[in-house]
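Biologist: I would like to go through this model with you, one region at a time. Could we begin with a single side chain and then move outward?

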Amino acid sequence: MIAGVKTKELKVHADDRGFLMEMLRADDPLFERFGQVYVTCCRRGVAKAWHYHKEQTDHFVCLAGSALVVLYDLRDGSPTKGQVEEYILEAPPGTGRTPLLLKIPPLVVHGFTALTGEEARIVNIPTLPYRYRDPDEFRYPWDTPEIPYRWPAHVTRGG
């Protein structure tokens, strides 16, 4: 596992009314601080990639569909520098997989695509609010040769 990346299995409490799933709590060992919460969507065939943050930690949970999230360790001095990892995040309930929260530390490049279905929706709970005038967001093209990863064949464009 890439150094500093963590996963947390999420419990889904389901009954005939629906379900409840806690994602991140202030008393959770993964919790650092709260910046904001937002939802992002990616359509099948598109890679929302690549980007990273210098200060911010992200916390991804899939809310709809299933997402292939790919990480690349860019950090100098990291014992896992240059390592690539794939994570499959699926929406609750009843997908067969345990829903996960994926913690992505600063300087770990990441992107995602819809793995199945028409789209994947991810909620992110970053540690810092988005700074409109000076964003903590740095990008590579989705198909850059600088990252040793090739998206699945169904991915034909990025953004």
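Biologist: Which backbone oxygen does the side chain of Arg75 reach?

Modeller: Bear in mind that this is a predicted model. In it, the side chain of Arg75 reaches the backbone oxygen of Ala3, at 2.5 Å.

Biologist: Where does Arg75 lie?

Modeller: Arg75 lies in a loop, the one between β6 (58-73) and β7 (84-90).

Biologist: Is Arg75 buried or exposed?

Modeller: Arg75 is buried, because its relative accessible area is 15% and the cut-off for buried is under 20%.

Biologist: And which residues is Arg75 in contact with, leaving aside neighbours within four places in sequence?

Modeller: With those neighbours left aside, the contacts of Arg75 are Ile2, Ala3, Thr80, Lys81, Pro105, Pro106, Leu107 and Val108. Ala3 thus appears both in this list and as the residue whose backbone oxygen the Arg75 side chain reaches.

Biologist: Let us change topic to Tyr130. Where does Tyr130 lie?

Modeller: Tyr130 is in the loop between β9 and β10 (138-139). Its relative accessibility is 38%, so Tyr130 counts as partly exposed.

Biologist: What does Tyr130 touch, not counting residues up to four places away in sequence?

Modeller: Tyr130 touches Gln36 and Pro135 on that count.

Biologist: How far apart in space are Tyr130 and Leu107?

Modeller: Their C-alpha atoms are 16 Å apart, and the two residues are separated by 23 residues in sequence. Leu107 is also one of the contacts of Arg75.

Biologist: Now the pockets. How much space lies in the largest pocket?

Modeller: The largest pocket holds about 380 Å³ of space. Its lining comprises 24 residues, and those closest to the centre are Tyr38, His51, His53, Glu137 and Arg139.

Biologist: Which elements give two or more residues to that lining?

Modeller: They are β4 (38-43), β5 (46-52), β6 and β9 (108-124). The most comes from β9, which gives four residues.

Biologist: What is the lining like by class?

Modeller: The lining of the largest pocket has nine nonpolar, nine polar and six charged residues.

Biologist: One last topic, strand pairing. How many bridges join β2 to β3?

Modeller: Four bridges join β2 (residues 12-15) to β3 (residues 18-21), and the two strands run antiparallel. A hairpin connects β2 to β3 through two residues.

Biologist: Which residue in β3 is the bridge partner of His13?

Modeller: The bridge partner of His13 in β3 is Leu20.

Methods: Residues are numbered from 1 along each chain as its sequence is written. This is a predicted model: local features need pLDDT of at least 70, side-chain atom pairs count only at pLDDT 80 or more; totals for chains, interfaces and linings use all residues. Side-chain values use heavy atoms; hydrogens and water are left out. Buried means under 20% relative accessible area, exposed over 50%, partly exposed in between (1.4 Å probe, protein chains only). A polar contact is a pair of N or O atoms within 3.5 Å; within protein, one must be able to donate a hydrogen and the other to accept it, and residues adjacent in sequence count only if both atoms are side-chain atoms. Contact means heavy atoms within 4.5 Å. On a 1 Å grid over the protein atoms alone, a cavity is a set of points where a 1.4 Å probe fits but cannot get out, and a pocket is an open set with protein on both sides within 12 Å along at least five of seven lines; lining residues have an atom within 4 Å of a point. Grid points are joined across faces, edges and corners, and a volume is the space filled by probe spheres set on the points. Ala, Val, Leu, Ile, Met, Phe, Trp, Tyr, Cys and Pro count as nonpolar, Asp, Glu, Lys and Arg as charged, and the others, Gly among them, as polar. Two strands pair if DSSP finds at least two bridges between them.
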